[in-house]
Every structure is written in structure tokens, then in C-alpha cells.
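The following paragraphs introduce a structure to a reader who has not met it before. Please keep the sequence and the model in view while reading.

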Amino acid sequence: MTPNSEIVARFGGFDGVDVLEPLISRHYKGRIALVSSFGAESAVLLHMVSQIDRNVPVIFIDTRKHFWETLSYRSKLVDRLGLTDIRNIQPDADDVRLLDPDGALHETDPDLCCHIRKTAPLERALGAFDAWISGRKRFHGGARASIPTLEMADGRLKIEPLARFTASDLDAYMRHYDLPRHPLLAAGYRSIGCMPCTIKGGTVDNPRAGRWFGSSKTECGIHWTRNGRPINLSRS
Ligand code: SF4
């Protein structure tokens with residue numbers, strides 16, 4: 001087995017399918033998953049992975065707070081791309097019962113809400129894998145402005161094949177393969193997360209402006225390392 005440090009050095013300068021293909025087909029075969037929000041730009045990465053191996057597990061974090069349009073779009077893309085292993089992960093029922101009994105935790109403590117609905121379920125799901133693929137891009141700015149294509153995080157290889165893609169690159173890819181667009185794009189959304197924490201708006205340069213609008217929160221926490229997380233529930 002090739003050491004992780006060698007993988008990072010050898011493939012860290014590649015993008016898109018060029019970095020995905022050797023990792024999915026050889027180095028992490030059977031040990032790699034794609035995490036997708038089925039959001040505004042998700043079709044590009046889902047399509048790339050499906051072209052290499054449509055049996056790669058795709059983890060969808062079903063927070064129970066998504067727009068119905070996102071769930072509908074997920075079904076449409078899965079059918080179109082022939083993806084065979086969609087893993088719909090949900091929050092722990094006891095966490096929700098104890099910490100968010102009325103479903104309004106996002107209003108009072110969004111970090112805790114993201115933890116029980118996103119971070120903790122994903123951490124449990126990733127336990128079965130040695131590498132995972134994410135769809136962040138540098139042009140989204142903020143903490144994403146300098147993300148590497150490959151890095152080790154919490155003992156796993158984290159792959160960001162689209163890190164260096166621009167908004168124009170993504171649009172060109174969507175057009176070339178005639179991929180369906182998320183239905184909320186036409187309604188004025190540029191970045192789409194949970195319904196209570198997403199509003200219309202954003203710009204080409206700052207598409208995530210409509211996420212947690214009016215607060216200082218910019219990330220849900222699934223991209224923080226364990227040491228970087230502000231919350232550590234003893235039971236999760
Ligand atoms: S994005 Fe909002 S609703 Fe979704 S898990 Fe985070 S705080 Fe909760």
C-alpha cells in the first residue's frame with residue numbers, strides 16, 4: 001500500500017478526474033466515499049465520480065432540514081448518473097430528542113445544531129473509509145480560499161478535486177455534459193444548504209453569502225478537524 005504522504009506528493013497537483021481516477025480505481029479502491037450535499041454545484045463532482053465508478057459510496061447528510069427541492073434533485077441526479085450506493089445518513093434520534101426537541105436549535109445554537117445534524121453523523125459514516133471526496137472550491141472564499149487538493153485530516157485522506165475550479169469551469173462542465181441544475185438556482189439561490197439557514201442571494205465571487213445570513217457563521221463544521229471543533233458531545 002502506497003503511504004499517504006507519497007499519495008499527497010504524487011497527486012496533489014492534479015485536478016478533477018485526474019486526481020480522482022487513480023485514487024478511486026487503485027490506491028483507495030473500496031475504501032473511499034464521496035460526500036455530497038446535492039446542492040448547487042454538486043452535479044459536477046457526482047458526474048466525475050460516476051464516470052470512474054458509479055458504485056462508489058455517496059454519503060448524503062440528511063439533516064431533516066433540507067429543501068424538498070434538494071431531495072427531489074438528489075433522486076433525479078442519482079437516476080441520471082446511475083449511482084448505485086447512496087448512503088442517506090441522519091442525526092442520532094436521541095441527540096435530536098434531547099437537544100433539539102422542538103426543531104428550533106438552529107435559531108439558538110446553530111453550531112450545536114450542525115454538530116448533531118451534520119458533523120456527528122458524518123463522522124460515524126466515515127468510520128468505514130480511509131479517504132473521502134468533498135466538493136469545496138477556493139473561489140468560494142473565506143476559509144476555503146486556500147484549501148489543498150489533497151490533505152490528511154483525522155487520519156483520512158481528504159480529496160478536493162474541484163479546489164482550483166472556477167465558477168466558469170463548473171458552468172462549462174455542466175453545459176458540456178448537459179447536467180441538470182438544482183431547481184432553486186432559477187429561484188435566485190446560489191448556494192443551497194438547510195432550508196432554515198439558507199436565503200436567496202450571493203454573487204459569483206461570494207456564492208455562499210446566503211448561508212447563515214446575518215450571523216458570523218460561515219461553515220457547518222464538517223471540514224474542521226477534531227481538534228478544531230468547538231463542540232465535543234461526550235456521547236457522539
Ligand atoms: S445548517 Fe442550520 S438547520 Fe442545518 S444543521 Fe446547521 S444550523 Fe441546523
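The lining of the largest cavity is made up of 13 nonpolar, 12 polar and 9 charged residues. The model in which this cavity lies is a predicted one. In total, 34 residues line the largest cavity, and those nearest its centre are Ser-37, Ser-42, Arg-144, Arg-208 and Arg-211. Two elements, strand 1 (32–35) and helix 3 (42–52), each give two or more residues to this lining. Helix 3 provides the largest share, with 3 residues. The space within the largest cavity amounts to about 590 Å³, and the structure holds 4 cavities of 30 Å³ or more.

Attention may now turn to the ligand. Which residues come nearest to it? Of the 10 residues around the ligand, these are Pro-110, Cys-113, Cys-114, Cys-194 and Cys-197. Helix 7, which spans residues 110–126, contributes 5 residues to the shell around the ligand, the largest share. By character, the shell divides into 6 nonpolar residues, 1 polar residue and 3 charged residues.

Two of the cysteines named above deserve a further remark. Are Cys-194 and Cys-197 buried or exposed? Cys-194 has a relative accessible area of 12% and therefore counts as buried, since this value is under 20%. Cys-197, with a relative accessible area of 17%, is buried because it too falls under 20%.

The presence of cysteines leads to a last point. A disulfide is a covalent bond between the sulfur atoms of two cysteines. The structure holds 0 disulfides.

Notes
Residues are numbered from 1 along each chain as its sequence is written. This is a predicted model: local features need pLDDT of at least 70, side-chain atom pairs count only at pLDDT 80 or more; totals for chains, interfaces and linings use all residues. Side-chain values use heavy atoms; hydrogens and water are left out. A residue is near a molecule or strand if one of its heavy atoms lies within 4 Å of it. Helices (H or I, at least four residues) and strands (E, at least two) are DSSP runs, numbered from the N terminus. Ala, Val, Leu, Ile, Met, Phe, Trp, Tyr, Cys and Pro count as nonpolar, Asp, Glu, Lys and Arg as charged, and the others, Gly among them, as polar. A disulfide is a pair of cysteine sulfur atoms within 2.5 Å. Buried means under 20% relative accessible area, exposed over 50%, partly exposed in between (1.4 Å probe, protein chains only). On a 1 Å grid over the protein atoms alone, a cavity is a set of points where a 1.4 Å probe fits but cannot get out, and a pocket is an open set with protein on both sides within 12 Å along at least five of seven lines; lining residues have an atom within 4 Å of a point. Grid points are joined across faces, edges and corners, and a volume is the space filled by probe spheres set on the points.
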